[in-house]
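Let's take a friendly walk through a protein model, looking at how its pieces pack and which charged side chains pair up. Have the sequence and the 3D view ready.

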Amino acid sequence: MTETPVLLTRDGPVVRLTLNRPQRRNAMNASMGDALDAALDALAADRESRVVVLSGAGGHFCAGLDLSEVGSQASEAERLVAAERRNHRTGQRFARLSALPQVVIAAIEGAAHAGGLGWVCSADIAIATADARFCAPEVRRGLVPAQILPWLVRRMGRSAATRMVLRADVIDAAEAARIGLVHQVVPDATALAAAVDAILADLRQGAPMALAETKGLIAALGALAPDGYAEAGARAFARCAAGEEAREGIAAFQQKRPPAWAV
């Protein structure tokens, strides 16, 4: 059966964008990336919709990059090129989601790890269920959180972001709300749907052009990161992804054992 990695449905002015690889906790692979690019193209040109609700299928939001695709190329040169391209494109997708004229709501259940945090933080409003879990585990895999780091810093400040990406532990929804990673925590999926509906009702009171222009003014307050950061981050990610640490870290993760450096 052909996988449909991203679902896009419309209900009047509301678009629901669903990451749809539930068997992989909605981890991002190449086919999901292509589908997201197409969806973001459509949304950027859409002047009828006013809100985008981003969620994940199957009880999880997004587990980040599908690590089965990292380092799968034959040579180190091929791994470097592929990893740099993949990482840079991932960062571009976060920026494009943030720049959409629609208000973007992230509705989070289950895992929001690694690149999943990029979606959380590039959304305008983030709501999580009490069982949601958040983690930036890259350094434990021999990788770096290159493209999510500026979004984490913008959302919750440098100090909290630094602790999160260096310690790389899992935090619960209550802690995520305390440090500003999400705006609201609700008990379960039913309450999440109700909270999203309440926000939609509030947003319908805002004039469409005024909402879009307000988002533009927020973006104009300052750049997310210095010029050249995205490229430097992609190169750093590629160097790590092509190295021995990433091979060991990813293998350890897949085999559910500690990596060699943690023993």
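We can start with one residue at the surface: Arg-167 is exposed, with a relative accessible area of 55%. Keep in mind as you read that this is a predicted model.

**Salt bridges around Asp-169**

Arg-167 does not stand alone, since its side chain meets that of Asp-169 in a salt bridge, with 3.5 Å from N to O. Asp-169 also has a salt bridge to Arg-163, at 3.2 Å from N to O. How accessible are these two residues? Asp-169 has a relative accessible area of 15%, so it counts as buried. Arg-163 has 33% relative accessibility and therefore counts as partly exposed.

A network of salt bridges can be found as well: Asp-34, Asp-37, Asp-41, Arg-89, Arg-93 and Arg-96 are joined into one by bridges that share partners.

**A bridge between distant parts of the chain**

How many salt bridges does a search of the whole structure find? The search finds 15. One of them brings together the side chains of Arg-10 and Asp-46, at 2.4 Å from N to O. This pair links distant parts of the chain, as the two residues are 36 apart. Arg-10 lies in strand 1 (residues 6–11), while Asp-46 lies in the loop between helix 1 (30–44) and strand 3 (51–56). With 48% relative accessibility, Arg-10 counts as partly exposed, whereas Asp-46, with 9%, counts as buried.

**How the helices pack**

Now turn to two helix pairs, set out here.

| Helix pair | Angle between axes | Distance between axes |
|---|---|---|
| Helix 1 and helix 2 | about 30 degrees | 11 Å |
| Helix 2 and helix 3 | about 20 degrees | 9 Å |

Why is helix 1 called roughly parallel to helix 2? Angles under 35 degrees count as roughly parallel, and helix 1 and helix 2 pack at about 30 degrees, so helix 1 and helix 2 are roughly parallel to each other. Their crossing is left-handed. On the side of helix 1, the contact is made by Gly-33, Asp-34, Leu-36, Asp-37, Leu-40 and Asp-41. On the side of helix 2, the contact residues are Arg-89, Arg-93, Arg-96 and Leu-97. Sorted by class, this contact of helix 1 with helix 2 has three nonpolar, one polar and six charged residues.

Helix 2 (residues 76–99) also packs against helix 3 (residues 115–122). Helix 2 and helix 3 are roughly parallel to each other too. Is their crossing left-handed or right-handed? The crossing of helix 2 and helix 3 is right-handed. In helix 2, the residues that take part are Arg-93, Phe-94, Leu-97 and Ser-98. They meet Gly-115, Gly-118, Trp-119 and Ser-122 of helix 3. By class, the contact of helix 2 with helix 3 has three nonpolar, four polar and one charged residues.

**Helix 4 and its cover**

Which residues of helix 4 (residues 149–156) are buried? They are Pro-150, Trp-151, Leu-152, Arg-155 and Met-156. The cover over these buried residues includes helix 2, helix 3, strand 6 (125–129), helix 5 (158–167) and helix 9 (229–241). If you follow the chain just past helix 4, you come to Gly-157, which takes a positive phi of about 95 degrees.

Note on methods. Residues numbered from 1 in each chain as written. Predicted model: local features only at pLDDT ≥ 70, side-chain atom pairs only at ≥ 80, totals over all residues. Heavy atoms only, no water. Axes fitted to C-alpha atoms, helices over the stretch in contact; angles between N-to-C directions. Helix = DSSP H or I, 4+ residues; strand = E, 2+ residues; numbered from the N terminus. Parallel < 35°, antiparallel > 145°, perpendicular 65-115°, else oblique. Left-handed = near helix turned anticlockwise from the far one by under 90°. Contact = heavy atoms within 4.5 Å. Nonpolar A, V, L, I, M, F, W, Y, C, P; charged D, E, K, R; others polar. Salt bridge = Lys/Arg side-chain N within 4 Å of Asp/Glu carboxyl O. Buried < 20%, exposed > 50% of the residue type's maximum accessible area, 1.4 Å probe, protein only.
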